[in-house]
Amino acid sequence: MRRVLGVLAVSVSVLLVPISGTAVAAPPPHTIVTDGAKLAKVKQAIRSGHATKAQQDALNAVLAKANTALTAGPWSVMDKPSAPPSGDKHDYTSQAPYWWASQPKTPENPQGCPYVSKDGQRNPEADAITDHTYRMWAWDAMYYLSLAWYYTGDAKYAKRAALDIRTWFLDPATKMNPNMTYSQIIPCRTAISGTGIIDSTQSFSQLMDAFALLDGGAPGWTGKDRSGIKAWLTQYLNWMQTSPQAKLELAATNNHGTFLDMQNATISAYLGHRDAARKIVLDTEQKRFPVQFAADGSQPLELSRTMSWHYVNFNLTAWGRLAEVGKNLGVDVWKYRAPNGVTLRKVVDQLIPGALQGAAGWPHQQIGVFDQSIAADIFHAAAEEAHDADAASALKQMPLPAGGDTWPVRVSCFPLDPPLK
């Protein structure tokens, strides 16, 4: 019944019809991460018939995802087969993906306790709890449907996005409680951990732009919906800043800390707390650059992982999005230079050999598939915002995402959290 979002096998053609007479540019949307002026410029090019081939191809790919989302879902945390330790299925729940039973499962020890970590090796048991998968599908659907409505003006996309949002966040019978207390739980353990918050932080910020696009007058998105989302986000942000789990995650020095800072900045900005959001961005620069980035631009904490190529790109996804929300708040993260001299551009350029040559250009461990294309978004961001000619050149030579490079109509770094298959 529920289907993973992806690019349809058949091509989706977009009819770009020039607007008669002089085309009048619409005011930019008040997006939180993405530069609204860029989105408005792309929309104007599409509506006036002057879109580039790259923009046309990107829009086709976005509409393919949105068209799939029209008949997928809606999804709910209530659909999981069992309740979390709280007994309330409204609480989001997932299992830590890299933890495995270390003992045979017997009647005396049915879980095979204790569980042990195997970094980068996903335990299929984790997929039995559906919240993780449905969260990815639902949040992607909300984003692509909202973006499709923005570019086409077709009410069906906005109305479906509103239904998905209400189902996941607002309807009393189906909504998720505003916390991540039981995300990435480890069987056999009861200790409080903050690491599971990454289930949210890696992709939640895209929803701030989805909400902002719908706020621009989307059919089916009501004042009650807007106030309901803001009330839910206010509770969620409070949990993300004050709960024991959040305090542990905020103290994390690797990508976990970056993503939580970035998420909290985007929520704060959407709620209108611009000064608070700006402070988060500024504090994150000063706090995390010296810890995460060596003088040569390498990322020692992420390079120590068994999936080092994935995690250096993963962390830079958070930095790319933080730089984008910072730009909307008057903070240029790309210009920040740490005491050791490192800049975000220098960190990005460390990825170029891997993006161009694959494993042959990456002298670090990467178990599983080496996907060169995951560096595309941060290269786009570096080329546009830091005028990085090396990143721009790499984009012309490296493999791009199999489903199509949608940057030309998204113009923001997208989460590296694809739907599971």
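**Exercise 1. Where is Pro104 found, between which elements?**

Before starting, note that this is a predicted model, in which local features need pLDDT of at least 70, side-chain atom pairs count only at pLDDT 80 or more, and totals for chains, interfaces and linings use all residues. Residues are numbered from 1 along each chain as its sequence is written, and side-chain values use heavy atoms, with hydrogens and water left out.

Step 1. Pro104 lies in the loop between β2 and β3. Strands (E, at least two residues) and helices (H or I, at least four) are DSSP runs numbered from the N terminus.

Step 2. Pro104 has 58% relative accessibility and therefore counts as exposed. The cut-offs for relative accessible area are under 20% for buried, over 50% for exposed, and in between for partly exposed, with a 1.4 Å probe and protein chains only.

Step 3. Setting aside residues up to four places away in sequence, Pro104 touches Asn109 and Gly112. Contact means heavy atoms within 4.5 Å.

Step 4. From C-alpha to C-alpha, Pro104 and Leu322 are 44 Å apart in space, and they are 218 residues apart in sequence.

**Exercise 2. Find the cysteines that a disulfide joins, and describe the link.**

Step 1. A disulfide is a pair of cysteine sulfur atoms within 2.5 Å. The structure holds one disulfide.

Step 2. This disulfide joins Cys113 to Cys188, with an S to S distance of 1.9 Å. The link of Cys113 and Cys188 is left-handed, with -85° about the S-S bond.

Step 3. The pair links distant parts of the chain, 75 residues apart. Cys113 sits in the loop between β2 (99–101) and β3 (115–117), and Cys188 in the loop between β4 (182–185) and α5 (198–201).

Step 4. Cys113 is partly exposed because its relative accessibility is 22%. Cys188 is also partly exposed, at 36%. Cys413, in contrast, has a relative accessible area of 1%, so Cys413 is buried.

**Exercise 3. Describe the surroundings of Gln55.**

Step 1. Gln55 belongs to helix α2 (residues 53–69). Its relative accessibility is 14%, so Gln55 counts as buried.

Step 2. The side chain of Gln55 reaches the backbone nitrogen of Thr52 at 3.0 Å.

Step 3. Not counting residues up to four places away in sequence, Gln55 touches Val42, Ala45, Pro408 and Val409.

**Exercise 4. Check the length of helix α9 and say whether it is enclosed or open.**

Step 1. The expected span of a helix is 1.5 Å times one less than its number of residues. Helix α9 (residues 255–270) has 16 residues, so it should span 22 Å.

Step 2. The end C-alpha atoms of α9 are 23 Å apart, which agrees.

Step 3. Of the 16 residues of α9, 16 are buried, so the helix is largely enclosed by the rest of the structure.

Step 4. Gly272, with a positive phi near 90°, follows α9.

**Exercise 5. Describe the largest nonpolar core and the aromatic pair of Phe169 and Phe211.**

Step 1. A nonpolar core is a set of buried Ala, Val, Leu, Ile, Met, Phe, Trp, Tyr and Cys residues joined through side-chain atoms within 4.5 Å. The largest such core has 119 residues, and those with the most contacts inside it include Phe169 and Phe211. Helix α3 (residues 131–152) gives the largest share of this core, 15 residues.

Step 2. A pair of aromatic rings is described by the distance of the centres and the angle of the planes. Rings of Phe, Tyr and Trp (its six-membered ring) pair if their centres lie within 6.5 Å; planes under 30 degrees apart count as stacked, over 60 as edge-to-face and the rest as tilted.

Step 3. The whole structure has 24 aromatic pairs. In the pair of Phe169 and Phe211, the centres are 6.3 Å apart and the planes are at 80°, an edge-to-face arrangement.

Step 4. Phe169 is in helix α4 (residues 155–170) and Phe211 in helix α6 (residues 205–214), 42 residues apart. Both Phe169 and Phe211 are buried.

Step 5. Phe289 and Phe293 have ring centres 5.0 Å apart and planes at 85°, so this pair is edge-to-face as well. Phe289 is buried because its relative accessibility is 0%, and Phe293 is buried at 2%.

Technical notes: A polar contact is a pair of N or O atoms within 3.5 Å; within protein, one must be able to donate a hydrogen and the other to accept it, and residues adjacent in sequence count only if both atoms are side-chain atoms.
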